[in-house]
Amino acid sequence: MSRSVFWNGWWYFFYSEFTDAFTTKYRISKKLEGPWIAPDHDTIDGRAFYAAKSTFLNGKRFFTGWISTKEGEKDDGAWQWAGTMSTLEAVQKDNGTLSFKFPDSLVNSFDKKIPFSIEPKKLNAIDSFKSAVSNVDLPNNSYTKISFEVDKGTHEFGVLLRSSQDGDSSYFIRLEPNRSRMVFDRWPRKNTGTEQWQISGDVPFYVELERPSDLSLGSHTLEIIVEDSIAVIVLDQDV
């Protein structure tokens, strides 16, 4: 899939890359004949948001792709063709590059608030792991918004999904300021042997779902929509 569109003084070329990346990318230009510029972060989303189509509605531009299923409905299953439709809204920056966020209409569709809190605490873990887990189970379909501050010296932190009470068994949205990225992970990973390096091939996270992110010092927000076996995560209404 590829398409060129003109939007507020910029030409955009969107295309799906059928390579090891399997992503939807874009290029920008002031003129249709070029030169075409590759933004520093030139993907709309990660591996699981594929073959996105662009639409323009009420002055806003949206991208709808599918979240691929996995073989056998297993975390370690191979990616399959097609899946569940998902939509992101693009926001144009002054330099022509794009941010991607949840459409307002999607966020507003979650109109029932659930009493949900985690006791405020500072989690300071040096060469260790600490967590705070709520005693409230979120429903299978939910929207969550989290605000946080990145302090100097922070290397890794994040959010646990569907966690055990001690935080030891969980899916992880892990933010890594020192690597300028956001990743998705789970623990325990699939055990393929008794040794440490045999845990699911010793992968550090779901490598297809790594996203470059600006996690500089200061305030940030993380939005999460969970629908049954699917989670969509947006950082700072940008990534």
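**Group meeting: a sheet and its aromatic rings**

Okay, let's start with one residue: Phe-172 is buried, because its relative accessibility is 14%, and the cut-off for buried is under 20%. Keep in mind that this is a predicted model.

So who does Phe-172 pair with? That's Phe-129, in an edge-to-face arrangement, with 6.1 Å centre to centre and 70° between the planes. Now, Phe-129 has 47% relative accessibility, so that one counts as partly exposed. What I like here is the span: the two residues are 43 apart and link distant parts of the chain. Phe-129 is in the loop between helix 1 (104–108) and strand 8 (141–150), while Phe-172 belongs to strand 10.

Let's stay with strand 10 for a moment. Residues 170–176 make up this strand, and 7 bridges join it to strand 11, residues 181–187, running antiparallel. If you want one pair to look up, Ile-173 has Phe-184 of strand 11 as its bridge partner. Zooming out, these two are part of an open sheet of 4 strands, ordered 9-10-11-12, with antiparallel pairing. At the edges you'll find strand 9 (157–161) and strand 12 (211–212), each of which pairs on one side only.

Back to the rings. The count comes to 18 aromatic pairs. Ring pairs also build a cluster out of Trp-7, Tyr-12, Phe-14, Tyr-26, Phe-56, Phe-63 and Phe-100.

Last thing, lysines over tryptophans. Lys-30 has its charged end over the ring of Trp-10, 4.4 Å from the ring centre. Then there's Lys-70, whose charged end sits over the Trp-79 ring, 4.4 Å from its centre.

Definitions and conventions. Residues are numbered from 1 along each chain as its sequence is written. This is a predicted model: local features need pLDDT of at least 70, side-chain atom pairs count only at pLDDT 80 or more; totals for chains, interfaces and linings use all residues. Side-chain values use heavy atoms; hydrogens and water are left out. Two strands pair if DSSP finds at least two bridges between them. Rings of Phe, Tyr and Trp (its six-membered ring) pair if their centres lie within 6.5 Å; planes under 30 degrees apart count as stacked, over 60 as edge-to-face and the rest as tilted. Buried means under 20% relative accessible area, exposed over 50%, partly exposed in between (1.4 Å probe, protein chains only). A charge sits over a ring if NZ of Lys or CZ of Arg is within 6 Å of the ring centre and within 35 degrees of the ring normal.
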